[in-house]
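Dear colleague,

I am handing over the structure below, together with an account of what was found in it. Please read the notes with the model open beside them.

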Amino acid sequence: MAQVEVIQLSKSFGSIDIIRDLNLTVNDGEFVVLVGPSGCGKTTLLRMIAGLEATSGGEIRIGGRDVTKLSPKNRDIAMVFQSYALYPHMTASENMGFSLKLAKVPQAQIDEQVKRAAKMLRIEHLLDRKPRELSGGQRQRVAMGRAMVRNPAVYLFDEPLSNLDAQLRTSMRAEIKRMHLEERQTVIYVTHDQIEAMTLADRIVAMRSGRIEQIGTPDELYNYPVSTFVASFIGSPEMNLLPAVLRDGQIMVESGPNFALPAAFAHLKDENGRRVLLGIRPEAFHVAPRSMEAPAFAITASLIEPCGAEVYVIGELGDREVTIRLQPGTEPGRGETTQFYADLKALHLFDAETERSLR
Ligand code: ATP
């Protein structure tokens with residue numbers, strides 16, 4: 001069992017609290033991704049789990065064992081860094097086997113484990129090369145191989161793909177996913193990349209100022225964000241948030257239409273004058289057919305961004321900017337005002353003051 005439990009964990013640097021009373025359980029075999037704005041404490045949390053950073057309070061348990069005070073090598077974890085951190089004077093094979101050598105594992109067994117990892121990572125032909133003779137992607141594979149040969153209970157990844165170019169990132173992402181599906185290790189993975197988070201995670205942990213704002217499956221965070229913070233953070237381009245007021249069972253959008261509260265928000269029908277933010281994802285806007293009588297948003301396109309398989313229209317609704325995602329060929333011309341309707345099932349409502357979801 002390689003469950004990771006973080007219990008009432010806190011961390012301060014001097015007088016500054018970075019992590020506060022954080023609780024998180026990562027199940028055996030689960031792939032959990034930590035996301036959040038720069039400085040929210042993702043790396044600090046990962047380093048505490050690894051044992052590279054002391055805790056200021058709380059407990060960390062791996063496989064049911066309290067490891068809070070144990071050194072990294074006694075935690076049965078392996079960490080893969082953004083910087084690879086390979087030894088320049090050693091070959092790929094020596095880098096991968098180094099920790100086993102330190103642990104006095106017989107050479108024949110080291111060779112076997114290095115070979116097995118190299119096969120999985122498709123770097124068997126590169127084992128005799130030094131890091132400077134490898135590309136960035138190949139170095140990252142060696143760094144992953146070094147973690148794999150130890151067959152740890154838990155893998156910790158700190159933005160492992162962020163130094164790679166876009167194409168390599170995509171292929172390495174798919175490989176990490178494939179390996180996890182095959183081996184089912186417990187993984188905690190920090191990234192800034194939306195797509196990595198959405199595609200790799202069994203569950204995403206959205207962090208904000210050293211706390212957990214929401215934990216859930218990628219689908220839950222995307223479709224049911226608990227706050228405007230999560231709503232804006234997950235999804236690219238981000239969700240549009242339009243100021244509106246509730247009145248007589250209606251949502252009255254500033255510079256936009258009035259329409260009846262969708263069924264999911266029927267419990268708000270008697271709220272009069274409550275200020276809200278109406279959340280509409282870029283793909284939830286559709287060009288309204290001429291015959292359509294439903295209330296529409298009159299949006300003036302100010303910028304068109306073609307992105308191959310889709311096109312983003314940046315438009316104005318009154319003095320608000322909105323982003324709409326459309327199929328290429330269906331977009332309006334620049335400067336044109338077009339009527340759009342919003343998919344009522346895909347609407348989000350947040351309280352304007354607390355910014356919490358009203359669902
Ligand atoms: P990023 O996404 O930019 O990597 P992060 O969410 O991983 O950010 P951390 O690196 O965990 O954030 O840092 C959290 C906060 O702790 C930051 O404000 C950072 O400046 C601070 N911090 C991190 N390490 C130290 C340290 N050794 N001494 C003092 N402050 C630190």
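**The shell around the ligand**

By class, the residues around the ligand are three nonpolar, six polar and one charged. This is a predicted model, and everything that follows should be read with that in mind. The residues that surround the ligand are Phe13, Ile18, Gly36, Ser38, Gly39, Cys40, Gly41, Lys42, Thr43 and Thr44. Helix 1, which covers residues 42-50, contributes the most to this shell, with three residues.

**Domains**

The domain assignment divides the chain into domain 1 (4-233) and domain 2 (240-351), and the centres of the two, taken over C-alpha atoms, are 39 Å apart. Four residues of domain 1 and five residues of domain 2 make the contact, and on the side of domain 1 that touches domain 2 there are two nonpolar residues, two polar ones and no charged ones.

In the loop between helix 8 (228-233) and strand 11 (240-247) lies Pro237, and the peptide bond that joins Ser236 to Pro237 is cis, with omega at about -5°.

**Strands and their pairing**

One open sheet has four strands in the order 2-1-4-5, with antiparallel pairing, and its edges are strand 2 (16-26) and strand 5 (65-66), each of which pairs on one side only. Within this sheet, strand 1 (residues 4-13) and strand 4 (residues 57-62) run antiparallel and are joined by five bridges; Ile7 has Glu59 in strand 4 as its bridge partner.

Strand 19 (residues 337-342) pairs in the antiparallel sense with strand 15 (residues 285-287) over three bridges, and with strand 16 (residues 297-306), again in the antiparallel sense, over four bridges. Val287 has Phe340 of strand 19 as its bridge partner, while Ile299 stands opposite Thr338 of strand 19.

**Helices 4 and 5**

How is helix 4 placed with respect to the rest of the structure? Of its 13 residues, 10 are buried, so helix 4 is largely enclosed by the rest of the structure. The buried residues are Arg139, Gln140, Arg141, Val142, Ala143, Met144, Gly145, Arg146, Ala147 and Met148, and what covers them includes strand 6 (77-80), helix 2 (92-102), helix 3 (107-121), strand 7 (154-158) and helix 5 (166-183).

The lengths of both helices were also checked against a rise of 1.5 Å a residue. For helix 4 (residues 136-148), the 13 residues should span 18 Å, and the end C-alpha atoms are 18 Å apart, which agrees. For helix 5, the 18 residues should span 26 Å, and the end C-alpha atoms are 26 Å apart, which again agrees. Just after helix 5, Arg184 takes a positive phi of about 55°.

**Backbone points to inspect**

Most residues other than glycine have a negative phi, and most peptide bonds are trans. Against that background, two further residues deserve a look.

Asp21, found in strand 2, has a phi near 40°, a positive value in a residue other than glycine. Asp21 counts as partly exposed because 14 C-beta neighbours lie inside 10 Å, where 20 or more would make a residue buried and 12 or fewer exposed.

Glu159, which is not a glycine, has a positive phi of about 45°, and its place is in the loop between strand 7 and helix 5. With 19 other C-beta atoms within 10 Å, Glu159 is also partly exposed.

With best regards

How values were computed:
Residues are numbered from 1 along each chain as its sequence is written. This is a predicted model: local features need pLDDT of at least 70, side-chain atom pairs count only at pLDDT 80 or more; totals for chains, interfaces and linings use all residues. A residue is near a molecule or strand if its C-beta atom, placed from the backbone, lies within 6 Å of it. Helices (H or I, at least four residues) and strands (E, at least two) are DSSP runs, numbered from the N terminus. Ala, Val, Leu, Ile, Met, Phe, Trp, Tyr, Cys and Pro count as nonpolar, Asp, Glu, Lys and Arg as charged, and the others, Gly among them, as polar. Two strands pair if DSSP finds at least two bridges between them. Domain bounds come from an automatic or database domain assignment. Two residues are in contact if their C-beta atoms, placed from the backbone, lie within 7 Å. The expected span of a helix is 1.5 Å times one less than its number of residues.
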